[in-house]
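Me: I am new to this structure and would like a close look at one part of it, the barrel, with the helices and the empty spaces described alongside. Please take it slowly and connect the pieces as you go.

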Amino acid sequence: MVIFRELTPHLMRYLLLLCVIPLCTFQMAAPEPAPAKREFRAAWVVHIFNIDWPSAPGLPPARQRAEFTALLDSLAATGLNAVIVQIRPTCDALYPSRFDPWSEWLTGKPGQPPSPYYDPLGFMVAETHRRGLEFHAWITPFRAVTHTRFRQPDSTHISRRRPDWCMSYGPSRWLNPGLPAVRTWTAGVVMEIVHRYPVDGIHFDENLYPPHKADTPLQDSAAWRQYGQGFADINAWRRDNLNQFIREVADSLRATAPWVKFGISPVSTWRNLADDPLGSESEAWFTSYDDLYSDVRHWLAAGWIDYVAPQMYTDPDNPRVRYRQVMPWWTQNTFGRHMYAGLPLFRLQPGEAAWPGAGPLLSQLAYNRTRAGIQGHIFYSASSFRGNPHQIRDLLQVSGYQHPALVPAMPWKDSIPPLGPHGLTLSRTAGGLALSWAATGPASDGDLPARYVLYRFPAQEPIDLDNPARILAVTPLTTWLDTVPDTTATYVVTALDRLQNESLTCAAGVVR
């Protein structure tokens with residue numbers, strides 16, 4: 001027999017109060033504590049040099065699409081809830097753009113669109129959302145050409161159209177962030193993306209200025225003389241250039257797409273304590289502030305970015321950058337924003353002698369979950385899951401990934417929950433138990449549900465929506481087929497808006 005009903009906020013609170021004592025008893029008896037209900041679990045999907053996707057340049061579009069959906073299926077089955085996809089690595093694009101030509105790593109020829117034509121970014125965002133995952137669009141703002149000896153950009157490339165905007169750095173070419181026109185133009189690239197595609201986030205990597213080398217000076221002294229009034233130190237001027245750019249992007253997003261998250265992935269260390277009393281207890285050779293002119297701590301303090309994902313790729317026994325010394329520094333310097341640990345999944349590949357097994361990675365994950373201020377992690381990179389090196393996918397399934405996790409909410413962006421679904425129906429079919437429910441209209445802030453969380457509670461177990469072990473699925477659909485239903489169970493459905501706020505009301509149904 002199937003019974004369905006609506007749960008009002010009052011009834012939900014009553015049920016939650018009833019379940020406090022039995023739930024505590026259940027958790028104390030469990031062999032391991034349940035993982036957190038909310039944890040950012042993502043992977044970087046690298047486009048440049050065909051590291052992750054597509055597997056080679058110039059593949060037929062049907063093959064490109066098949067590869068991407070297979071990658072998504074694998075990541076979703078592993079337990080991830082977001083992907084960070086590189087869509088603009090060198091002032092080129094995986095989408096039709098009025099700023100940048102088509103990527104050569106997509107079609108095999110710079111500036112050439114896919115044939116037969118399709119929009120890869122539109123396809124990737126739709127397929128990602130179809131699986132209930134977030135899509136963060138990753139761009140490298142100012143890197144223009146990786147190696148001038150081997151690669152000549154298309155005639156429509158910005159380095160060909162505006163060579164006066166560029167500076168050479170060794171064999172590469174970069175847009176000069178010291179030019180106001182360059183900063184405004186690049187902010188326009190970001191806004192084109194968010195105006196045309198329903199991405200969940202904009203993501204920058206560490207490459208805002210070229211990685212500094214003492215024997216390779218930057219060719220920006222002319223711009224400094226023109227625009228650097230008031231800065232006796234050229235490095236301070238460079239940092240101010242990036243401050244202005246990050247603020248311009250942040251202000252533009254808030255004004256026109258306030259639901260889009262803005263994140264940065266810097267190198268592991270902001271500054272060493274020996275160089276700054278605000279720095280971390282580290283002796284890094286290369287820091288974000290001193291070598292890349294990125295004052296990420298200031299961006300967090302100013303509230304310009306929503307999350308930071310430091311790339312913690314050092315060896316476990318590296319005495320200069322110790323994971324358990326640098327990570328606490330980040331948690332104490334996020335100023336209320338989120339911090340996700342960038343973890344080196346690639347170190348599990350054959351030939352990485354410093355990481356002979358999955359132990360160091362799992363240890364870092366376990367440590368993160370004991371530290372307030374670490375809201376999740378991002379693996380570099382997606383293709384490193386292939387082949388299941390050192391059984392990492394299996395090990396994750398017994399290290400917190402055995403249950404789905406919701407993406408952490410960002411109340412400083414939006415704290416208003418969506419209206420809950422209603423009308424949950426359950427019916428037995430040959431394939432299992434078919435569930436369907438109805439969506440509601442917009443909440444007071446105009447947001448509609450973007451995803452739904454489906455819970456399944458065994459008979460006689462109190463309803464506790466904070467228990468991630470009872471999350472059955474996160475889906476954008478209003479239907480679900482439970483192929484292995486319990487003989488008796490209670491099903492509950494809540495709604496999530498696009499910033500992951502969960503509804504206060506839900507629909508519930510009991511099958512007996």
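Reply: In this predicted model, a good place to begin is the pair formed by strand β9, residues 261-264, and strand β10, residues 307-308, which run parallel and are joined by two bridges. Within that pair, G263 has Y307 of β10 standing opposite. Both strands belong to a closed barrel of eight strands, whose order is β2-β3-β4-β8-β9-β10-β11-β12 and whose pairing is parallel.

Helices lie across some of these strands. Helix α12, made of residues 323-331, lies across β10 and β11, the latter covering 338-343, and runs at about 155° to β11. Elsewhere on the barrel, helix α5, residues 120-130, lies across β3 (82-88) and β4 (134-139), and its direction makes an angle of about 150° with β4.

The empty spaces come next. Rolling a probe the size of a water molecule over the atoms shows where empty space is left. Counted in this way, there are four cavities of 30 Å³ or more. The second largest cavity, with about 40 Å³ of space, is lined by A250, L253, R254, V260, F262, W304, D306 and K413. Helix α9, residues 234-256, gives the most to this lining, with three residues, and by class the lining of the second largest cavity holds five nonpolar, no polar and three charged residues.

The largest cavity holds about 120 Å³ of space, and 17 residues line it, with T90, D92, E104, P153 and H157 lying nearest its centre. Two elements, α4 (104-107) and β5 (143-145), give two or more residues to that lining, which divides into seven nonpolar, six polar and four charged residues.

A pocket, by contrast with a cavity, is an open set of points, and the largest pocket has a volume of about 530 Å³. Of the 30 residues that line the largest pocket, A76, L80, R131, P404 and V474 are the closest to its centre. Here the elements giving two or more residues are α3 (61-78) and β16 (471-475), and the lining of the largest pocket is made up of 16 nonpolar, nine polar and five charged residues.

Apart from the barrel, an open sheet of three strands is found in the order β13-β14-β17, with antiparallel pairing. Its edge strands, each pairing on one side only, are β13 (422-429) and β17 (479-482), and the twist averages 20° from one strand to the next. Strand β14, residues 432-438, pairs with β17 over four bridges in the antiparallel sense, and L433 has D482 of β17 as its bridge partner.

Note on methods: Residues are numbered from 1 along each chain as its sequence is written. This is a predicted model: local features need pLDDT of at least 70, side-chain atom pairs count only at pLDDT 80 or more; totals for chains, interfaces and linings use all residues. Side-chain values use heavy atoms; hydrogens and water are left out. Two strands pair if DSSP finds at least two bridges between them. Contact means heavy atoms within 4.5 Å. Axes are lines fitted to C-alpha atoms, for helices over the stretch in contact, and angles run from 0 to 180 degrees between N-to-C directions. On a 1 Å grid over the protein atoms alone, a cavity is a set of points where a 1.4 Å probe fits but cannot get out, and a pocket is an open set with protein on both sides within 12 Å along at least five of seven lines; lining residues have an atom within 4 Å of a point. Grid points are joined across faces, edges and corners, and a volume is the space filled by probe spheres set on the points. Ala, Val, Leu, Ile, Met, Phe, Trp, Tyr, Cys and Pro count as nonpolar, Asp, Glu, Lys and Arg as charged, and the others, Gly among them, as polar.
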